Amino acid sequence: MQIADITTKNIDKASFFRLNSLLNVKYVMNKRDANLLHIKNNSWYTVPDQTFMNSLYQNNADVSTFGQIDLIKIPDELFLPKLYIPLKIFNTNGVSKLPNIVSQNDYVTRSAIYVGNPPNIPNRPKASEKTILEYRMISPVKYRVRVHNAEGIFPLVMSESFHEGWKTYLVIPSKLNSQSSINNFQSENLQGTIQNNSLPAGPIYETWFKKPIIDDTNHLMVNGYANSWTIDVNKICNDGLKCIRNADGSYDFELVIEFWPQRLYYLGLFISGTTLFICLLYLVRSWIKRKAN
């Protein structure tokens with residue numbers, strides 16, 4: 001589904017902003033000098049309804065102008081972080097139904113929409129609103145996530161294009177202090193998620209010989225493109241070694257989300273580096289031998 005297509009249909013501004021928020025879009029670009037005579041017959045371009053476009057500029061919209069280009073910002077209260085725990089789950093039979101779902105009266109910003117394959121979550125935990133995430137994007141292929149006050153079974157959503165190569169690992173928490181860490185970054189809490197770039201990066205190899213805590217059957221596509229894992233707190237914290245139990249019975253623990261195929265790149269880099277070193281060593285040895293003769 002091309003998001004631009006829905007601008008030609010019957011959708012209001014609030015629903016449009018909600019849909020872009022769900023897809024992790026922060027800005028909508030409007031190029032005002034586009035010549036429709038040259039591009040209107042191309043399949044990659046959609047001519048939006050002018051009444052709808054005008055509505056995007058109303059009610060003190062946050063618009064930045066650069067020449068003939070306008071950037072319309074999605075309201076902060078609607079924007080979703082890169083990682084979050086949804087408060088509500090919807091299920092539909094097609095991606096084209098996403099605009100209809102975000103237009104419903106019972107839709108909340110912190111939602112997750114599954115297409116045909118909802119997660120196996122029998123009961124949503126009532127305490128999900130108190131669960132807080134801290135995360136750091138160490139690189140485009142590695143995230144460190146601290147989960148505070150977790151209990152029950154819940155989905156964890158990461159707004160990156162779905163790929164089976166994304167794996168989730170439970171690691172030994174590094175100086176995990178729930179209350180002080182949350183208090184220090186509470187002002188940056190966005191929809192129950194705190195981006196904390198002071199979390200440790202960890203070594204490249206910290207997950208290489210570990211088994212993912214979630215199998216492929218619980219790694220699902222969500223929101224039409226993103227990754228979702230079903231977290232069973234009681235299951236992953238049953239040994240008590242990598243989780244910290246709080247006084248109220250909830251747990252704190254630390255995860256590493258990593259793109260597994262990246263290891264193949266590191267392996268190839270190691271092999272190439274080793275081969276180059278051996279070749280240089282051989283050349284140096286040959287040169288020394290010739291000089292000696």
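Hi everyone. Before I start, one bit of bookkeeping: Ala, Val, Leu, Ile, Met, Phe, Trp, Tyr, Cys and Pro count as nonpolar, Asp, Glu, Lys and Arg as charged, and the others, Gly among them, as polar. We need that for the pocket I'd like to show you. Please keep in mind that this is a predicted model.

So, the pocket. This is the second largest one, with a volume of about 280 Å³. Which residues lie nearest its centre? They are I213, I214, D215, N218 and K235, out of 13 residues in the lining. By class, the lining of this second largest pocket splits into 6 nonpolar, 3 polar and 4 charged residues. If you want to find the spot in your viewer, look for β13 (226–232) and α6 (233–236), since each of these elements supplies at least two lining residues. The largest share comes from β13, with 3 residues.

Now to the sheets. β1, β3 and β2 make up an open sheet of 3 strands, in that order, and the pairing is antiparallel. Why are β1 (27–31) and β2 (63–66) left without a neighbour on one side? Both stand at the edges of the sheet and have a single partner strand each, so one side stays free. From one strand to the next, the twist averages 20°. Zooming in, β2 and β3 (residues 69–73) run antiparallel and are joined by 4 bridges. Within that pairing, I69 in β3 stands opposite F66.

For a parallel example, move along to β5 (residues 88–92) and β6 (residues 111–115). Strand β5 pairs with β6 in the parallel sense, over 5 bridges. One of the contacts to look at is F90, whose bridge partner in β6 is I113. Is β6 mostly covered or mostly open? Mostly covered: 4 of its 5 residues are buried.

Last stop, the aromatics. A pair of aromatic rings is described by the distance of the centres and the angle of the planes. How many aromatic pairs does the structure hold? There are 6. Take Y135 and Y143: their ring centres are 6.4 Å apart and their planes sit at 40°, so this pair is tilted. For the geometry fans, the cut-offs are under 30 degrees for stacked and over 60 for edge-to-face, with the rest tilted. Both Y135 and Y143 are buried. These two tyrosines also belong to one aromatic cluster, together with W166 and F259.

That's my tour. Thanks for listening, and I'm happy to take questions!

Definitions and conventions:
Residues numbered from 1 in each chain as written. Predicted model: local features only at pLDDT ≥ 70, side-chain atom pairs only at ≥ 80, totals over all residues. Heavy atoms only, no water. Pairing = 2+ DSSP bridges. Axes fitted to C-alpha atoms, helices over the stretch in contact; angles between N-to-C directions. 1 Å grid on protein atoms, 1.4 Å probe; cavity = no way out; pocket = protein on both sides within 12 Å on 5 of 7 lines; lining within 4 Å. Points joined across faces, edges and corners; volume = space filled by probe spheres on them. Phe/Tyr/Trp six-rings, centres within 6.5 Å; stacked < 30°, edge-to-face > 60°. Buried < 20%, exposed > 50% of the residue type's maximum accessible area, 1.4 Å probe, protein only.
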